[in-house]
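Colleague: Can you take me through this model, starting with how the two protein copies meet?

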2 protein chains.
Amino acid sequence: MASLNQIDVLKQQFSDFLRRKKYRITQERINILDRIAEIDDHFSADELYLHMNGQGDKVSRATIYSTLDLLTQCSILTKHRFQGESAHFELSSRMPHHDHLICTECGRIVEFREESIDAIRDRVADRLGFRPLHHSLQIFAVCHSPTTCVHNTSE
Amino acid sequence: MASLNQIDVLKQQFSDFLRRKKYRITQERINILDRIAEIDDHFSADELYLHMNGQGDKVSRATIYSTLDLLTQCSILTKHRFQGESAHFELSSRMPHHDHLICTECGRIVEFREESIDAIRDRVADRLGFRPLHHSLQIFAVCHSPTTCVHNTSE
DNA sequence: GTTCTTGCAAACCCTTTGCACGTCT
DNA sequence: AGACGTGCAAAGGGTTTGCAAGAAC
């Protein structure tokens, strides 16, 4: 869970963004960010919907989707799309950044941290004339012994 | 478009895979691979469906989806998922492998080739006990001058 | 007061599935 | 002959949209 101080910084960042884009600062939008800060993990739109409505915070799915989009636009959230799954989000400040290796035989997902990618990201973005924000690297691979892999369900 | 020779290699590779997995070698599956070899670009399931049915090759969407899945399983095709779009495929042999930078302000996608990622991919996969197949790196960034970017539609 | 946002339900898109028929082995 | 693949249309899941009511400015 983000500290109180971190939450205030995020709210400030979000309000500034909304003002700058001439969007309105509504109770729902602030509430949603507040409740996201309570989750220290990846989450889907529907998980957030259930998290909020299970605790008396009435918000519609339409508002959740729209606010998640705004929070992603201003880089407070990072949006992930693994394989065929629904979109998942996490606070960008939830460091360190990690990437994912996916086994094409059994679908297992392994998280890893590889610092050298950051430098490559920055160098490539600069070369192409962009300011880098973040990245997503997915490595597709198979176990060294796929036939004995405990996760394997394909044959 | 892949050369005649390349197509034969791909067909051989596909037949071997089907036999190994005890799947049947049907006319539809071979036809689909043939028509994919004509496309020198990324394509979606529906684009392939239209490509085939527009030229008298009657194949159902169900068969297209199922065959694309088989072709991805045996690494003849690589499956991409950009942002919220539908899945896109391309021949894995359509080299060199490239990655993508996406502008979060205007959605522009820039392709780039960065060789050093291959070594990182192999090293990470090995460290985690996997045999690397391929990877997908997406860099999210903004133009150095987002307000003057010709692609920008957000303000 | 005007404009934007919300909530609901229906619509939407891409993909998967059930079932009867056809095809591969 | 038997098992598997195909085609169709309908179902499915996640996300977006149209519209009336409500909140922000």
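Modeller: The interface residues of chain A are also interface residues in chain B, 100% of them, so the copies meet through the same surface. Contact here means heavy atoms within 4.5 Å. This is a predicted model: local features need pLDDT of at least 70, side-chain atom pairs count only at pLDDT 80 or more, and totals for chains, interfaces and linings use all residues. Residues are numbered from 1 along each chain as its sequence is written, chains are lettered from A and ligands numbered from 1 in the order in which they are written, and side-chain values use heavy atoms, with hydrogens and water left out.

Colleague: What rotation superposes chain A on chain B?

Modeller: Two copies of a chain are related by a rotation about an axis and a shift along it. The fit is by least squares on the C-alpha atoms of residues with pLDDT of at least 70 in both copies. The shift along the axis is 0.0 Å and the RMSD is 0.3 Å. The copies are thus related as by a two-fold rotation axis, and the rotation is 178 degrees.

Colleague: Which residue of chain A comes closest to the rotation axis?

Modeller: The distance is taken at the C-alpha. At 2.2 Å from the axis, the residue is Leu137(A).

Colleague: Which strands are the edges of the 6-strand open sheet?

Modeller: Strands here are DSSP runs (E, at least two residues) and helices are DSSP runs (H or I, at least four residues), numbered from the N terminus. Two strands pair if DSSP finds at least two bridges between them. The order is β5(A)-β4(A)-β6(A)-β6(B)-β4(B)-β5(B), with mixed pairing. Pairing on one side only marks the edges: β5 (109-112) of chain A and β5 (109-112) of chain B.

Colleague: In β6(A), what is the bridge partner of Cys103(A)?

Modeller: β4 (residues 99-103) and β6 (residues 130-143) of chain A pair in the parallel sense, over 4 bridges. The partner of Cys103(A) in β6(A) is Ala141(A).

Colleague: At what angle to β6(A) does helix α5 of chain A run?

Modeller: Helix α5 (residues 116-128) of chain A lies across β4, β5 and β6 of both chain A and chain B. Axes are lines fitted to C-alpha atoms, for helices over the stretch in contact, and angles run from 0 to 180 degrees between N-to-C directions. For α5 of chain A against β6(A), the angle is about 130 degrees.

Colleague: Now the DNA. Which residues are closest to DNA strand C?

Modeller: A residue is near a strand if one of its heavy atoms lies within 4 Å of it. By that rule, 16 residues surround DNA strand C. Sugar and phosphate make up 76% of the strand C atoms within 4 Å of the protein. The closest residues are Arg24(A), Thr26(A), Ser60(A), Thr63(A) and Tyr65(B).

Colleague: How far is the side chain of Thr63(A) from a phosphate oxygen of DNA strand C?

Modeller: Polar contacts are pairs of N or O atoms within 3.5 Å; within protein, one must be able to donate a hydrogen and the other to accept it, and residues adjacent in sequence count only if both atoms are side-chain atoms. The side chain of Arg29(A) has an N or O atom 3.2 Å from a phosphate oxygen of strand C. For an N or O atom in the side chain of Thr63(A), the distance is 2.7 Å.

Colleague: Which residue puts a polar side-chain atom 2.6 Å from a phosphate oxygen of DNA strand D?

Modeller: Of the strand D atoms within 4 Å of the protein, 73% belong to sugar or phosphate. Ser60(B) uses a backbone N or O atom, 3.0 Å from a phosphate oxygen. The side-chain atom at 2.6 Å belongs to Thr63(B).
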